[in-house]
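Reader: I am new to this structure and would be grateful for a close look at a single part of it. Please begin with one residue and work outwards slowly, explaining each term as it comes up.

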Amino acid sequence: MLTVHGLHKKFGALEVVRGVSFEVSAGECYGLLGPNGAGKTTTLRCCLGLTAPDAGEITLDSLPVPARAREARARVGVVPQFDNLDPDFTVRENLAIFGRYFGLSRSEVAARVPYLLDYAGLTDKADAPIDALSGGMKRRLTIARALVNDPRVLFLDEPTTGLDPQARHVVWERLKRLLGQGRTIILTTHFMDEAQRLCDRVAIMDHGAFIAEAPPHALIEREIEPIVIEAYGDGIHAWFDTHARRLAARAEFSGDTAFCYCRDPEPLLATLTDHPELRVLRRAANLEDVFLKLTGRDLRD
Amino acid sequence: MICVTDSLRFRHVVYRNYRVWRKLLLASIVGNLVDPLFWLVGLGFGLGSLLPTVGGMPYLEFLGSGMICYGVMYSASFEALWSAFARLKQQRTWEGILHAPMTITDIVVGEWVWAALKGMLSGIAILAVMTALGLVHGFMALWALPVMLLTGLAFSGIALVITALAKSYDHFVYYFTLFITPMMLVSGVFFPTAQLPRAVQLVAQVLPLSHATRLARGLVLGRPVENAALHVAALALVALLGVILARKLVARRLR
């Protein structure tokens with residue numbers, strides 16, 4: 001469905017995408033993960049023909065991009081990172097006008113709008129102005145708008161950034177429904193739970209290049225120890241130096257919290273019985289641990 | 001049009017803007033009619049009663065035919081500056097349109113044509129007021145319609161270049177103060193260019209608004225237009241250069 005080979009993109013002297021290659025097959029949900037500035041959005045924009053790559057080949061639904069980007073975009077739905085719903089129109093008009101950009105006739109659009117309103121859960125709000133919608137409603141409408149041309153592939157750039165937990169779950173449920181219909185989804189996110197929940201495969205991107213690519217569970221198994229002990233409190237540094245370094249497979253500090261990655265956590269947990277002053281959390285390793293291991297804990301502002 | 005775009009999809013952008021405009025239809029039409037009416041009545045009767053004839057015609061006729069071009073310029077410029085910039089920056093409307101099978105050329109050409117049509121509408125309103133006041137002489141005045149469209153395309157073309165370069169709305173104030181307003185004063189809208197010092201005349205006669213007023217005045221008042229082809233060519237050149245440059249600048253800005 002999407003093939004990217006040897007993609008490079010520079011903005012001035014800065015090379016934001018440095019030799020990215022990947023393939024997404026039909027019906028798959030593929031996640032691009034990475035810290036801010038990793039090159040995720042630029043990669044998506046290149047795939048859509050909105051930014052011209054400096055090198056590399058892209059094929060989207062059998063069409064070469066950017067050479068035939070217009071035709072390719074006619075078969076694709078796009079959900080951008082920042083809402084760009086049209087504030088001059090109501091909910092219903094937003095869907096209708098967007099359909100016109102695809103060259104759909106008035107009657108084709110009119111036939112499709114009720115379904116899209118229902119999908120977005122906004123049938124009651126059909127004639128409301130965009131300003132009257134909550135963040136979650138706007139996001140659902142943006143996703144519904146991307147479905148106006150009944151696309152086989154959807155590109156979503158950080159689909160749940162800025163939403164509250166309730167709204168995020170609703171968006172995930174809607175996206176799963178699309179996957180159930182056999183559509184292909186390519187999304188970027190920096191929420192690891194989102195990627196773990198939705199994606200068949202994820203790629204972790206940093207400084208413009210892929211540093212890992214696999215199904216989420218495989219990535220966790222391959223890259224990281226299965227159990228994590230988090231501990232903090234007075235005397236954490238002393239405990240860390242005497243026990244954690246020796247008994248954990250890998251241990252590190254983030255601020256004043258110790259993160260200890262273990263295959264067998266029991267010996268380490270046993271040492272904690274003598275340290276009731278420490279607060280301890282034991283949990284399974286997740287994709288976020290892999291992400292932090294591979295991209296580091298430094299802030300990316 | 002052929003040299004500017006290879007597709008008719010720009011019409012979807014025109015349609016979008018038309019749909020927004022339609023919501024404010026009444027206010028827009030009233031504004032378009034009432035504003036020039038005040039100018040014509042105020043300046044035309046007030047100032048005109050003090051003047052014998054201007055450029056060989058009653059002042060009201062002189063002023064009205066100039067006001068048509070001024071109205072087209074003002075409306076087209078305003079639309080292609082403030083309104084288009086809102087769609088480019090604050091509302092991210094253009095960005096949204098690009099997610100459909102639309103290109104930057106479709107958007108820029110659509111905005112260009114739309115702003116020109118809006119300008120033309122202002123011109124038509126003034127022509128209607130003039131007709132009602134009995135200031136229009138003969139059906140030659142209908143030829144003023146394509147002149148209005150061309151004038152609108154010229155000014156929306158330049159304005160879109162400014163919009164593509166603008167960082168904020170403040171830039172448009174400079175454009176109006178340093179370009180539009182002086183041009184309005186020296187291009188024969190309110191008084192004949194011949195009244196100006198020789199040096200100013202030389203500059204004034206190459207300004208796009210001068211070409212527009214010369215064409216429109218002759219057509220509306222049923223008088224011969226000297227060098228009509230030259231004026232048409234000058235307006236067309238400005239219009240095309242404007243839209244082609246605007247397209248390049250917007251493409252660079254949204255890449």
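**A loop residue and the sheet beside it**

Author: A:Glu158 is partly exposed, because 18 other C-beta atoms lie within 10 Å of its own; on this scale, with C-beta atoms placed from the backbone, a residue is buried if 20 or more other C-beta atoms lie within 10 Å, exposed if 12 or fewer, and partly exposed in between. The model is a predicted one, in which local features need pLDDT of at least 70 and side-chain atom pairs count only at pLDDT 80 or more, while totals for chains, interfaces and linings use all residues. Residues are numbered from 1 along each chain as its sequence is written, and chains are lettered from A and ligands numbered from 1 in the order in which they are written.

A:Glu158 sits in the loop that runs between β7 and α6 of chain A, where helices (H or I, at least four residues) and strands (E, at least two) are DSSP runs numbered from the N terminus. Its backbone has a positive phi of about 50°, although A:Glu158 is not a glycine. Most residues other than glycine have a negative phi, and most peptide bonds are trans.

On one side of this loop is the strand β7(A), residues 153-157, which runs parallel to β6(A) and is joined to it by four bridges; two strands are said to pair if DSSP finds at least two bridges between them. Within that pairing, A:Val78 stands opposite A:Phe155 of β7(A). Both strands belong to an open sheet of six strands in chain A, with the order β6-β7-β8-β3-β9-β10 and mixed pairing. Its edge strands, each pairing on one side only, are β6 (76-79) and β10 (209-214) of chain A. Ignoring direction, neighbouring strands of this sheet are turned by 15° against each other on average.

Helices also meet this sheet. Helix α1 of chain A, residues 40-47, lies across β3 (29-33), β7, β8 (184-189) and β9 (201-206) of chain A, and runs at about 150° to β7(A). Such angles run from 0 to 180 degrees between N-to-C directions, and axes are lines fitted to C-alpha atoms, for helices over the stretch in contact; two residues are in contact if their C-beta atoms, placed from the backbone, lie within 7 Å. Helix α8 of chain A, residues 216-223, packs on the sheet as well, touching β9 and β10 of chain A, and its direction makes about 105° with that of β10(A).

On the other side of the loop is helix α6 of chain A, residues 165-180, which holds A:Arg177. A:Arg177 counts as exposed, because it has 11 C-beta neighbours inside 10 Å. Although A:Arg177 and A:Tyr119 are 58 residues apart in sequence, their C-alpha atoms are 9.6 Å apart in space.

A positive phi also appears elsewhere in chain A, at A:Ser62, where the value is about 70° although the residue is not a glycine. A:Ser62 is placed in the loop between β4 and β5 of chain A, and counts as exposed because it has 11 C-beta neighbours inside 10 Å. The strands β4(A) and β5(A) form a hairpin with two residues between them, and A:Asp61 in the turn has a positive phi of about 50°. These two strands pair in the antiparallel sense over three bridges, β5 of chain A being residues 63-65, and A:Leu60 stands opposite A:Leu63 in β5(A). β4 of chain A (residues 55-60) is also joined by five bridges to β1 of chain A (residues 2-11), the two running antiparallel, and A:Leu2 has A:Leu60 as its bridge partner in β4(A). Beyond the hairpin, a cis peptide bond joins A:Val65 and A:Pro66, with omega about 10°, and A:Pro66 lies in the loop between β5 and α2 (69-74) of chain A.

To set these details in their chain, chain A has 11 helices and 14 strands, and 40% of its 301 residues count as buried. Of the contacts in chain A between residues at least 6 apart in sequence, 70% join residues at least 24 apart.
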